[in-house]
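Trainee: Could you take me through one part of this structure slowly, as you would at the bench? I would like to see how a single strand sits among its partners, and then what surrounds it.

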Amino acid sequence: MYAIVDIAGQQFKVEAGSEIFVNRLASKKDETVEFDKVLLLDNEGAVKVGAPYVEGASVKATVLDDSVKAKKVLVFKKIRRKGFQKLNGHRQKLTKIRIDSIA
């Protein structure tokens, strides 16, 4: 059984027991969160597609870590023949969650 869920503006394919990194949530460590925006639900071949969401479907998850940082993205700017170079780095803050159940 798997579901496609909209979490913090992004779509994820989740299964029970899977661990994923999502954009920063307002929940603290070891809290339980519930996501109601289920776009698709597959129960061993029986597929339900929402319009836009599947009614009555929800995904429950536990926050494992709320202060994870993604890999650094380097932003390099240069204007040729002018001697201008600038290098910036950015690390996005993420939340690691474990999917407990799909109902």
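Mentor: Val 5 stands opposite Val 38 in β5, and that is a good place to start in this predicted model. A second pairing ties these strands together: Ala 3 faces Leu 41 of β5. Both belong to the antiparallel pairing of β1, residues 2-7, with β5, residues 38-43, which runs over four bridges.

Now look at the other partner of β1. Strands β1 and β2 are also antiparallel, and they pair over six bridges. Here Asp 6 is the residue to find, since Gln 11 in β2 stands opposite Asp 6. Follow the chain round from β1 to β2 and you will see a hairpin with two residues between the strands. Ala 8 sits in that turn, with a positive phi of about 55 degrees.

The two faces of β1 are worth separating by eye. Ala 3, Val 5 and Ile 7 make up the covered face, while Tyr 2, Ile 4 and Asp 6 make up the uncovered one. So the residues we met opposite β5, Ala 3 and Val 5, belong to the covered face, whereas Asp 6, our marker for the β2 pairing, belongs to the uncovered face. Tyr 2 has a further feature: Lys 13 lies over the face of its ring, 4.4 Å from the ring centre. If you are also looking for ring-to-ring pairs, a search of the whole structure finds zero aromatic pairs.

Step back to the sheet. Four strands make an open sheet in the order β2-β1-β5-β6, with antiparallel pairing. The edges are β2 (10-15) and β6 (46-49); each has a single partner strand, so one side of each is left without a neighbour in the sheet. On average, neighbouring strands here are turned by 15 degrees against each other, direction ignored. As a reminder, strands of a sheet pair through backbone hydrogen bonds, either parallel or antiparallel.

From the sheet, let us move to charged side chains elsewhere. The count comes to two salt bridges. In one of them, Lys 96 pairs with Glu 19, and the closest N and O atoms are 3.4 Å apart. This pair links distant parts of the chain: Lys 96 is in strand β10 (residues 93-102) and Glu 19 in strand β3 (residues 19-23), 77 residues apart. Lys 96 has a relative accessibility of 25%, so it counts as partly exposed. Glu 19 is partly exposed as well, with a relative accessible area of 44%.

Lys 96 has other company too. Leaving aside neighbours within four places in sequence, its contacts include Ile 20, Phe 21, Thr 62, Val 63 and Val 68. With Val 68, which is 28 residues apart from Lys 96 along the chain, the C-alpha separation is 7.1 Å.

The other salt bridge joins Arg 98 to Asp 100, with the closest N and O atoms 3.5 Å apart. Arg 98 is partly exposed at 31% relative accessibility, and Asp 100 is partly exposed with a relative accessible area of 35%.

For a contrast in burial, finish at Ser 27, in the loop between β3 and β4 (32-35). Its relative accessible area is 14%, so Ser 27 is buried. Not counting residues up to four places away in sequence, Ser 27 touches Val 33, Val 63 and Asp 66. Val 63 is also among the contacts of Lys 96, which gives you a residue to hop between on your screen.

Note on methods:
Residues numbered from 1 in each chain as written. Predicted model: local features only at pLDDT ≥ 70, side-chain atom pairs only at ≥ 80, totals over all residues. Heavy atoms only, no water. Pairing = 2+ DSSP bridges. Axes fitted to C-alpha atoms, helices over the stretch in contact; angles between N-to-C directions. Salt bridge = Lys/Arg side-chain N within 4 Å of Asp/Glu carboxyl O. Buried < 20%, exposed > 50% of the residue type's maximum accessible area, 1.4 Å probe, protein only. Phe/Tyr/Trp six-rings, centres within 6.5 Å; stacked < 30°, edge-to-face > 60°. Lys NZ or Arg CZ within 6 Å of the ring centre and 35° of its normal. Contact = heavy atoms within 4.5 Å.
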